[in-house]
Amino acid sequence: ASLIPTPNKNSQLVKDTVVAPEGGGVTDMWVSGREGGGLPWEEVARLLHTDPKLGLPSREVLTRRQLVGFNEFSETEDDPLWKKYLGQFKEPLILLLLASAFVSLCMAQFDDAVVITLAIVIVATVAFIQELRTDKAIEELKKQVPATCMCLRDGHVREYQARELVPGDIVHLAIGDRIPADMRLFEALDLTIDESSFTGETEPASKHCGIISTSTYGTSGSIGNIAYMGTFVRTGRGKGIVISTGEKSQFGELFRMMQEEEAPRTPLQKNMDELAKKLSIFSFGFIGVVFLLGLYQGIPMHKIFNIAVSLAVAAIPEGLPIVVTMTLCLGIRRMALRSALVKGLHTVETLGCVTTVCSDKTGTLTKNEMTVTNIVTSEGDECHVTGVGYSADGQVIFDGGFSELANEAVTKLLEAGAVCNNALIVNGQLQGQPTEGAFLLQPSSMVFTM
């Protein structure tokens, strides 16, 4: 049986709890951030039957995972390939071309029917192949870098995949770690977390392990003793108890809201829909005018119909969808050469309609890197440092006079800056504050010039 407790009548912490028919456990258990933040972390640990010093036993982890599932989002199943292909024919202009091809076939105008049908097949096939390639590329990217975290189980801290976490797991956080699930913090040492994905604030949020009163909750939804899934650690380190996973987390709620939203039609699609509507009205109106003129002149009915439909079909530009599709495919290929994947054809056209981009500077338009350019020692010696970014290809250059202790003073200063530092540089990427990262890379040499 699972060790997850059933809530008593005095507790409102455990939501969506269903007792199994045999009475052998609880099939679903979650603690929200607002509820966990208002309790001492010891109480949260007691409710989840976990030991912050030892973590959960591996056997208990398997039991809980069977009850609550993996720490991931249940995405909708992909449609089969045949259904995706047929979905390319739902555009209004394509439907209008199909109708004109059918009419041409019924009137024994086989040449027109074949040409129109071939145009439709080309458009649908090209769009289908392009979107299929993009889907496969995105799936490969998802498989390349599985999210991991440092988790305490059976008294040992090891690296586990984030999808394997369950409520009650003890997770250790360090600089640069991405939070794998919603957690109630019980240890925070100079811990700040970037929550811009939720709050929009560029400044990292300072975290602690104390109790938060419900009256002090901010309007942004951020809670000082809760670490949210999808955010990442900017500075410090900490430990937390997993309280919500998957779709029950704060990030899961946002994901569910996004899944419920339907993608709006792009400007090009709206224009094509409007064109198809106008062509339909024009075609039916033209047929009506030709019918009236034919009846007035006494032309036989079947000839009038043949002439009217032929002229209406000729007015529909069957080559337009081919030109549009090929142009969009060329745009996708050009973006792919610049390492940008575009899932839908019409997204390229939407990007082309952008006239103004509103963006913050640091970390978006710039690299969010800081570099030491000038050094002043306690002896009064001044020098400047060459090089840009997190590269060791730089020099300390003294221009003019300098004391006998200049070399030693600069060395000691750089050593102090590197030792009294919480940042790390891994594979050229900074983990920590940019200010501290600027002290980590030591220049390759010193040059003394008079």
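In the predicted model, D154 is placed in the loop between β1 (148-153) and β2 (156-161), and this residue has a positive phi of about 55° although it is not a glycine. Most residues other than glycine have a negative phi. With a relative accessible area of 39%, D154 is partly exposed, because that category covers values between the 20% limit for buried residues and the 50% limit for exposed ones. A positive phi, near 50°, is also found at H49, again a residue other than glycine. H49 lies in the loop between α2 (41-47) and α3 (58-68), and at 42% relative accessibility this residue counts as partly exposed.

The strand β1, which precedes the loop of D154, is joined to β3 by three bridges, and the two strands run antiparallel. Within this pairing, C151 has V171 of β3 as its bridge partner. Strand β3 spans residues 170-173, and its side chains are divided between two directions, with I170 and H172 pointing one way and V171 and L173 the other way, yet all of them are buried. Strand β3 is also joined to β7 by four bridges, likewise in an antiparallel arrangement, and here the bridge partner of I170 is I241 in β7.

Strand β7 (residues 232-244) pairs in turn with strand β4 (residues 182-194), in the antiparallel sense and over ten bridges. In this pairing R184 stands opposite I241, the residue of β7 that is also the bridge partner of I170. Strand β4 has further antiparallel partners, among them strand β6 (residues 226-227), with which it pairs over two bridges, and strand β5 (residues 205-206), with which it likewise pairs over two bridges. R184 stands opposite I226 in β6, whereas I193 of β4 stands opposite A205 in β5.

Among the helices, α11 (residues 320-336) has 17 residues and reaches 25 Å from its first C-alpha to its last, which is close to the 24 Å expected at 1.5 Å a residue. The buried residues of α11 are P321, V324, T325, L328, C329, G331 and I332. Seen down the axis of α11, these buried residues fall within an arc of 160°, and they therefore line one face of the helix. The face turned away from this buried side carries the exposed residues V323, T327, L330, R333 and R334.

An unreviewed UniProt entry lists residues 93-110, 116-133, 279-299 and 305-330 under "transmembrane region". For the listed span 93-110, the end C-alpha atoms lie 21 Å apart in the model, and the span is 83% helix and 0% strand. For the listed span 305-330, the end C-alpha atoms lie 41 Å apart, and the span is 81% helix and 0% strand.

Taken as a whole, the chain contains 15 helices and 13 strands, and of its 450 residues, 36% count as buried. The chain exposes about 26400 Å², of which carbon and sulfur atoms supply 58%. Among contacts between residues at least 6 apart in sequence, 64% join residues at least 24 apart.

Note on methods
Residues numbered from 1 in each chain as written. Predicted model: local features only at pLDDT ≥ 70, side-chain atom pairs only at ≥ 80, totals over all residues. Heavy atoms only, no water. Expected span 1.5 Å × (residues − 1). Buried < 20%, exposed > 50% of the residue type's maximum accessible area, 1.4 Å probe, protein only. Arc of directions from axis to C-beta. UniProt positions renumbered as here; feature names shortened; annotations may be inferred. Pairing = 2+ DSSP bridges. Contact = heavy atoms within 4.5 Å. Areas by Shrake-Rupley, 256 points an atom, 1.4 Å probe, with all protein chains shown as cover.
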